[in-house]
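Please open the structure in your viewer, with the sequence alongside, and keep a selection tool ready. The tour goes from stop to stop, and each stop names what to select.

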Amino acid sequence: LRSLLFWAVALGIVFYVVRGYLRDHPELLEAPDALAMIRAIRRLWAAFWRWLGGWVQAAGERVPLRLRLRPARRAPTGAPFHLFRLGALSPRQRVLYYYLSILRRAGQRGFPRRPAQTPYEYRTSLKPHLPQAQQDMDTLTQAFVEARYSRHAIEPDQARRVRVNWQRVKAALRAIKRN
């Protein structure tokens, strides 16, 4: 598919350059040899699009058949995440998971994050509702921002420390009655 996309873009660029050149030099279109060559290029271009259309149609017919052969794996009803092992994730992925799970839990408790809210703004709006876990929420937010936006490695020890903060914030959210 990447190769096909590359060649489609390459041919598009060549077509654009040739068309622009011929617009700047209309006298080339009047020569009899040029007209024969242009007709040949048009026939070749039309053949390419017929071939591509046939390939896409054949792929469109085969893909649904292959998809039906494999049974879909579904998460248990009501579970927003697939079951997985946290230990199988990298330290960076674990920190991201901890924060995003707090977002999901807080949203279920009636404190959803607005689409335009930054992690720091969301932390500020959530902290008054978590008096016993404010420092943990600060640490969790800072770790998330670092894991999400920095390029340096996240150490396993750091992910373990963030897990403790995550567990405290989770417990504080559980203590809030559902709205």
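What follows begins with the whole chain and then moves to particular helices and side chains.

This is a predicted model, in which local features need pLDDT of at least 70 and side-chain atom pairs count only at pLDDT 80 or more, while totals for chains, interfaces and linings use all residues. Residues are numbered from 1 along each chain as its sequence is written, and side-chain values use heavy atoms, with hydrogens and water left out.

**The whole chain**

Start with the protein chain shown as a cartoon, where the secondary structure amounts to seven helices and zero strands, giving the pattern α-α-α-α-α-α-α along the sequence. Helices (H or I, at least four residues) and strands (E, at least two) are DSSP runs, numbered from the N terminus. Of the 179 residues in the protein chain, 25% are buried, where buried means under 20% relative accessible area, exposed means over 50%, and partly exposed lies in between (1.4 Å probe, protein chains only). If you switch to a surface view, the protein chain exposes about 13,600 Å², and carbon and sulfur atoms supply 60% of that area; accessible areas come from the Shrake-Rupley method with a 1.4 Å probe, and for residues only the protein chains shown count as cover. Among contacts (heavy atoms within 4.5 Å) between residues at least 6 apart in sequence, 63% join residues at least 24 apart.

**Helix 1 and its surface patch**

Next select L5, V9, I13, Y16 and V17, which make a nonpolar surface patch of about 540 Å². Patches are made of residues with over 30% relative accessible area and no salt bridge, with like charges joined within 9 Å and nonpolar side chains (Val, Leu, Ile, Met, Phe, Trp, Tyr) within 5 Å. V9 lies in helix 1, residues 2-24, and is partly exposed, with a relative accessible area of 47%.

**Helix 5 and its buried face**

Now select residues 119-126, which form helix 5, and pick out P119, Y122, R123 and L126, which are buried. Seen down the axis of helix 5, these buried residues fall within an arc of 105°, so they line one face of the helix; the arc is that of the directions from the helix axis to the C-beta atoms. As a background to this view, an α-helix has 3.6 residues a turn, so residues three or four places apart point the same way. To see what covers the buried residues of helix 5, add helix 4 (91-108) and helix 6 (134-149), which are included in that cover.

Y120 is also in helix 5, but at 31% relative accessibility Y120 counts as partly exposed. Not counting residues up to four places away in sequence, Y120 touches T141, Q142 and V145, and the C-alpha atoms of Y120 and T141 are 6.9 Å apart, although 21 residues separate the two in sequence.

**Salt bridges**

How many salt bridges does the structure hold? There are four, a salt bridge being a side-chain nitrogen of Lys or Arg within 4 Å of a carboxyl oxygen of Asp or Glu.

Select R123 and D138, whose closest N and O atoms are 3.4 Å apart in a salt bridge; this pair links distant parts of the chain, with R123 in helix 5 and D138 in helix 6, 15 residues apart. R123 is buried at 18% relative accessible area, and D138 is buried at 18% as well. Then add K127, which forms a salt bridge with D138 at 3.2 Å between the closest N and O atoms, and which sits in the loop between helix 5 and helix 6, eleven residues from D138. R123, K127 and D138 are thus linked in a network of salt bridges.

Move on to D136 and R168, whose side chains meet in a salt bridge of 3.0 Å, N to O. D136 lies in helix 6 and R168 in helix 7 (residues 156-175), so the pair ties together parts that are 32 residues apart in sequence. D136 is buried, at 8% relative accessibility, whereas R168 is partly exposed, at 46%. Leaving aside neighbours within four places in sequence, D136 is in contact with N165, R168 and V169.

**A buried arginine without a partner**

Finally select R94, in helix 4. R94 is buried yet has no salt bridge, and the nearest side chain of opposite charge, D157, is 8.7 Å away; here Lys and Arg count as positive and Asp and Glu as negative, while His and the chain ends are not counted. Beyond residues up to four places away in sequence, R94 touches L86, L89 and A159.
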